[in-house]
Amino acid sequence: MGPRFDLNDNELGAEIGKRFAGASLAIIQSPLPKSTLELVELRASQINGCGWCTDVHTKELAAAGETAVRINLVAAWRESSVFTEAERAALALAEEGTRLADAHQGVSDGTWDQVRKHYDDDQVAALIYLVAMINAANRLGVMTRMPGGSYQPGMFDSITN
């Protein structure tokens, strides 16, 4: 199974993609811990059913040394004991920011309070943009039917270094 449309093979799609990657680069270079970044991206990708993004973030977490237990429990983070309070706050923000149509209040005050307790202003800004960007990336992957399974850790290192 291949994608139904390759955005990078289209001149306009490739140009927009460069700008999208530029915004993502600023998030990657933020003071947000890399593991938190990947955990948030994995959780949103699971919720949105993006096979490509789930593949990317699962493999990047493993390549960075995350344990299989933590990676496997991201989908059930509320019922696990392997995430820090700060990570739990970020995962809650990811879920509530991803499930906007399901949660009429958007991000709850309780979640927001936990995020503010554990992250400084720059990290909060990065988290907000991270949730927005991964949701956009998930939608691109789902609409174009980007299949998971072929990603190799570090494939995008030349873009992010």
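## A walk through the helices and their side-chain pairs

Nine salt bridges turn up in this structure, which is a predicted model. We'll visit some of them, then look at a helix, an odd backbone angle and a ring pair.

**Stop 1: helix H1.** Select residues 11–28, which make up H1. The 18 residues should span 26 Å at 1.5 Å a residue, and the end C-alpha atoms sit 25 Å apart, which agrees. Now colour Gly-13, Ser-24 and Ile-27: these are buried. Turn the view until you look down the axis of H1; the buried residues fall within an arc of 35 degrees, so they line one face of the helix. What do the buried residues of H1 pack against? Show H2 and helix H7 (121–143), and you have the partners. Then flip to the other side of H1, where Glu-11, Lys-18, Arg-19 and Ala-26 are exposed.

Before leaving, zoom in on the start of H1. A side-chain oxygen of Asn-10 comes to within 3.0 Å of the backbone nitrogen of Leu-12.

**Stop 2: a salt bridge along H1.** Stay on H1 and show the side chains of Glu-15 and Arg-19. They form a salt bridge, with N to O at 3.2 Å. Both belong to H1 and are four residues apart, about one turn of the helix. Glu-15 has 33% relative accessibility, so it counts as partly exposed. Arg-19 has a relative accessible area of 60%, which makes it exposed.

**Stop 3: into H2.** Select residues 34–48 for helix H2, and pick out Lys-34 and Glu-38, which are four residues apart and so separated by about one helical turn. Their side chains also meet in a salt bridge, at 2.8 Å from N to O. Is Glu-38 buried or exposed? Glu-38 is buried, at a relative accessible area of 5%, while Lys-34 counts as partly exposed at 44%.

**Stop 4: from H2 across to H5.** Still in H2, show the side chain of Arg-43 and add Glu-95. This salt bridge has an N to O distance of 2.8 Å. Glu-95 sits in helix H5 (residues 85–98) and Arg-43 in H2, so the pair ties together parts that are 52 residues apart in sequence. Both Arg-43 and Glu-95 are buried. Add Arg-78 to the selection: salt bridges with shared partners link Arg-43, Arg-78 and Glu-95 into one network.

**Stop 5: a backbone angle to check.** Jump to Arg-145, in the loop between H7 and helix H8 (157–160). Query its phi: the value is positive, about 55 degrees, although Arg-145 is not a glycine. Relative accessibility here is 47%, so Arg-145 counts as partly exposed.

**Stop 6: two rings.** How many aromatic pairs are there? The count is one. Select Trp-52 and Tyr-151 to see the pair, which is edge-to-face, with 5.8 Å centre to centre and 90 degrees between the planes. Trp-52 is in helix H3 (residues 51–63) and Tyr-151 in the loop between H7 and H8, so the pair ties together parts that are 99 residues apart in sequence. Switch on a surface to look at burial: Trp-52 is buried with a relative accessible area of 14%, and Tyr-151 is buried as well, at 2%.

How values were computed. Residues are numbered from 1 along each chain as its sequence is written. This is a predicted model: local features need pLDDT of at least 70, side-chain atom pairs count only at pLDDT 80 or more; totals for chains, interfaces and linings use all residues. Side-chain values use heavy atoms; hydrogens and water are left out. A salt bridge is a side-chain nitrogen of Lys or Arg within 4 Å of a carboxyl oxygen of Asp or Glu. Helices (H or I, at least four residues) and strands (E, at least two) are DSSP runs, numbered from the N terminus. Buried means under 20% relative accessible area, exposed over 50%, partly exposed in between (1.4 Å probe, protein chains only). The expected span of a helix is 1.5 Å times one less than its number of residues. The arc is that of the directions from the helix axis to the C-beta atoms. Contact means heavy atoms within 4.5 Å. A polar contact is a pair of N or O atoms within 3.5 Å; within protein, one must be able to donate a hydrogen and the other to accept it, and residues adjacent in sequence count only if both atoms are side-chain atoms. Rings of Phe, Tyr and Trp (its six-membered ring) pair if their centres lie within 6.5 Å; planes under 30 degrees apart count as stacked, over 60 as edge-to-face and the rest as tilted.
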